[in-house]
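When looking at a protein for the first time, it helps to ask how its side chains are placed and which of them meet. Please look at the sequence and the structure below before reading on.

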Amino acid sequence: KLDREFFTIHQQWWWGLKMTVEIKICMGSACFARGNSQNVEIIENYIKENNLDAKVELVGSHCEGKCADGPNLYVDGKHYSNVTPEILESILKGLS
């Protein structure tokens, strides 16, 4: 009996499909103080409210070295800077 995670990873490899979205949020002190402390809560709530647990992987990172542009986050490697709650809302709407 194969577990779901193994099947999903294997299926992604076999068909060349990416079935999950990775959101990496900078938790360095500058980004955290500039708004990512609030942004991480917004993301967690959005994932939960929209039943996206299987589709979105939220990970934190140490300083990404782009402090002057913070708060920073990445969606599947695409960098977003100066992320306000309003900008974050439009980014998240693109996930569902």
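The report below goes through salt bridges, a helix and a pair of cysteines in turn. Please keep in mind that this is a predicted model, and that the distances and accessibilities quoted come from its atoms.

**Salt bridges**

The structure holds 2 salt bridges. One of them joins lysine 24 to glutamate 64, with 3.6 Å between the closest N and O atoms. Because lysine 24 belongs to strand β1 while glutamate 64 belongs to the loop between β2 (56-61) and β3, this pair ties together parts that are 40 residues apart in sequence. Lysine 24 has another partner too, since its charged end sits over the ring of tyrosine 74, 5.3 Å from the centre of that ring. As for pairs of aromatic rings, the structure holds 0 of them.

In the other salt bridge, the side chains of glutamate 89 and lysine 93 meet at 3.2 Å, N to O. Both of these residues lie in helix α3, where they are 4 residues apart, about one turn of the helix. The table gives the accessibility of the residues in the salt bridges.

| Residue | Relative accessibility | Class |
|---|---|---|
| Lysine 24 | 25% | partly exposed |
| Glutamate 64 | 26% | partly exposed |
| Glutamate 89 | 45% | partly exposed |
| Lysine 93 | 52% | exposed |

**The two sides of helix α3**

Which residues of helix α3 are buried? In this helix, which covers residues 85-93, they are Leu88, Ile91 and Leu92. These residues are on the same side of α3, because they cover an arc of only 95° around the axis. On the other side of α3, Glu86 and Lys93 are exposed. The buried residues of α3 pack against β1 (21-26), α2 (29-49), β3 (73-75) and β4 (78-80).

**Two cysteines without a bond**

How many disulfides does the structure hold? The number is 0, although cysteine 26 and cysteine 31 might invite a second look. The closest cysteine sulfur to that of cysteine 26 is in cysteine 31, at 3.7 Å, which is too far for a bond, because a disulfide needs the two sulfur atoms to be within 2.5 Å. Cysteine 31 is likewise in no disulfide, with the sulfur of cysteine 26 as its nearest cysteine sulfur. Cysteine 26 counts as buried because its relative accessibility is 1%, and cysteine 31, at 1% relative accessibility, counts as buried as well.

Technical notes: Residues are numbered from 1 along each chain as its sequence is written. This is a predicted model: local features need pLDDT of at least 70, side-chain atom pairs count only at pLDDT 80 or more; totals for chains, interfaces and linings use all residues. Side-chain values use heavy atoms; hydrogens and water are left out. Buried means under 20% relative accessible area, exposed over 50%, partly exposed in between (1.4 Å probe, protein chains only). Rings of Phe, Tyr and Trp (its six-membered ring) pair if their centres lie within 6.5 Å; planes under 30 degrees apart count as stacked, over 60 as edge-to-face and the rest as tilted. A charge sits over a ring if NZ of Lys or CZ of Arg is within 6 Å of the ring centre and within 35 degrees of the ring normal. Helices (H or I, at least four residues) and strands (E, at least two) are DSSP runs, numbered from the N terminus. The arc is that of the directions from the helix axis to the C-beta atoms. Contact means heavy atoms within 4.5 Å. A salt bridge is a side-chain nitrogen of Lys or Arg within 4 Å of a carboxyl oxygen of Asp or Glu.
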